[in-house]
Amino acid sequence: MSYKETILITGGAGFIGSHVVRLFVNKYPDCHIINLDKLTYAGNLANLKDIEDRPNYTFVKGDICDFEMLMKLFSGQQVTGVIHLAAESHVDRSIKDPFTFAQTNVMGTLALLQAAKLTWEALPEKFEGKRFYHISTDEVYGALEMTHPEGIQPPFTTKASSGKHHLSYGEQFFTEDLKYQPHSPYSAAKASSDHFVRAFHDTYGLPTIVTNCSNNYGPYQFPEKLIPLFINNIRHRKPLPVYGKGENVRDWLYVEDHARAIDLIFHKGKIGDTYNIGGFNEWKNIDIIKVLINTVDRILGRPEGEDMNLITYVTDRAGHDLRYAIDSSKLQRELGWEPSLQFEEGIEKTVRWYLDNQEWMDNVTSGDYQNYYNEMYNGR
Ligand code: NAD
Ligand code: DAU
């Protein structure tokens with residue numbers, strides 16, 4: 001069958017990538033969706049079981065740092081668009097092993113950019129109708145303070161430039177024109193990759209788009225990240241390691257809302273532009289942890305709050321950013337995107353998903369899934 005477009009999604013076996021692949025495979029049967037993933041510890045093909053047999057879906061096991069493989073893939077499959085999510089994504093791991101982060105996030109992105117550029121510019125139509133969409137993070141902007149001009153104690157009600165009111169912990173927000181100030185090796189590597197993407201647009205005219213999104217939560221997130229780790233620990237009554245005083249603030253977005261934003265921006269976003277994606281949904285870690293405890297306890301029929309004693313304050317993360325808060329009004333104003341889920345609804349769905357999918361969690365935490373799926377897809 002000949003397809004209208006061939007879209008290469010990198011990192012599609014990871015948390016956000018699997019939601020993006022699922023959305024695109026289901027929504028665009030006339031497009032060929034290729035998922036290129038190295039299947040690191042964070043990649044898990046069980047995340048895509050429901051769509052793996054679709055005719056418009058192809059999985060390719062490979063490393064984005066492998067330039068020769070990329071060149072073959074681009075020309076052999078006639079790739080017309082890229083949505084680039086593959087990355088090392090966990091801040092704590094980046095503190096222990098910064099080299100892997102520089103290799104994948106910087107060199108891997110560069111290899112992908114160069115393969116896209118060389119392949120597309122050799123075509124008669126060159127960059128016409130092509131798109132290279134790079135998924136980045138709000139962490140590149142650094143950390144925000146928790147201040148109010150009149151000294152009011154946070155959280156307080158703020159009016160966003162979109163006109164909507166929401167609770168916030170500070171007067172400042174990450175906007176698209178803010179200077180980059182990354183603090184962790186993870187965010188430094190992501191910042192560097194963003195600069196390369198923009199440099200390829202400005203230097204060679206590669207049709208790029210960059211988005212910077214806030215913390216995602218939802219099904220299929222690897223349980224090294226706060227929300228799935230804590231849900232699993234509460235279930236098994238294991239200690240909950242809260243970094244520092246639990247006062248740090250993150251801005252949470254349900255992963256399917258991020259995937260919808262990616263779809264919209266991939267198709268309607270302005271070439272060369274940047275969009276911030278976030279839910280205007282700031283939470284202190286300790287408050288979110290209490291919500292998780294109450295929700296898990298209620299669903300499991302335990303007395304609500306019984307597991308508060310699992311909270312264990314531990315040494316803070318080195319260089320721990322105090323507050324992230326995204327201003328996504330540009331995306332709302334220009335492309336009409338809005339988050340669809342209220343946080344309470346999203347957390348309820350998420351907790352239920354992890355509790356209902358204990359087998360997925362057990363496979364991931366035991367590590368067995370990696371051998372099984374790697375063997376299954378070797379040579380494909
Ligand atoms: P994840 O760690 O769950 O998944 C990453 C995927 O990339 C995995 O499937 C892994 O196997 C694959 N991968 C890693 N190195 C690779 C390589 N060298 N070649 C090919 N594939 C490789 O990550 P995630 O949380 O889904 O994040 C996806 C992207 O979104 C990342 O670029 C991340 O920086 C960005 N992001 C994440 C969040 C969040 O809250 N999780 C928020 C904003 C932006
Ligand atoms: O802001 C977007 C970023 O969000 C993404 O770019 C990253 O890929 C993603 O991992 C996430 O980064 P964070 O560091 O914010 O997420 P994490 O789930 O690791 O931690 C969330 C907060 O919870 C953070 O303030 C650290 C704290 N924390 C985390 C863990 C794992 C704890 O207190 N204890 C823990 O055990």
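Reader: Which polar backbone atom does an oxygen atom of ligand 2 meet, at 2.9 Å?

Author: A polar contact here is a pair of N or O atoms within 3.5 Å. In this predicted model, an oxygen atom of ligand 2 sits 2.9 Å from a polar backbone atom of Y243. Side chains join in too: ligand 2 has an oxygen atom 2.7 Å from an N or O atom of the H320 side chain, and one 2.8 Å from an N or O atom in the side chain of E139.

Reader: How much of ligand 2 does the protein bury?

Author: Areas come from the Shrake-Rupley method with a 1.4 Å probe. Ligand 2 exposes 690 Å² when taken alone, and the protein buries 94% of that.

Reader: And which residues around ligand 2 are the closest?

Author: A residue counts as near if one of its heavy atoms lies within 4 Å. Ligand 2 has 24 residues around it, with T137, D138, Y186, R317 and H320 the closest.

Reader: How do I read a pocket?

Author: Rolling a water-sized probe over the atoms shows where empty space is left. On a 1 Å grid over the protein atoms alone, a pocket is an open set of points where a 1.4 Å probe fits, with protein on both sides within 12 Å along at least five of seven lines; lining residues have an atom within 4 Å of a point. Volume is the space filled by probe spheres set on the points, which are joined across faces, edges and corners. The second largest pocket comes to about 540 Å³. Of its 25 lining residues, H166, G279, F280, N281 and Q342 are the closest to its centre.

Reader: Any fine print?

Author: Residues are numbered from 1 along each chain as its sequence is written, while chains are lettered from A and ligands numbered from 1 in written order. Local features need pLDDT of at least 70, side-chain atom pairs count only at pLDDT 80 or more, totals for chains, interfaces and linings use all residues, and side-chain values use heavy atoms, leaving out hydrogens and water.

Definitions and conventions: A polar contact is a pair of N or O atoms within 3.5 Å; within protein, one must be able to donate a hydrogen and the other to accept it, and residues adjacent in sequence count only if both atoms are side-chain atoms.
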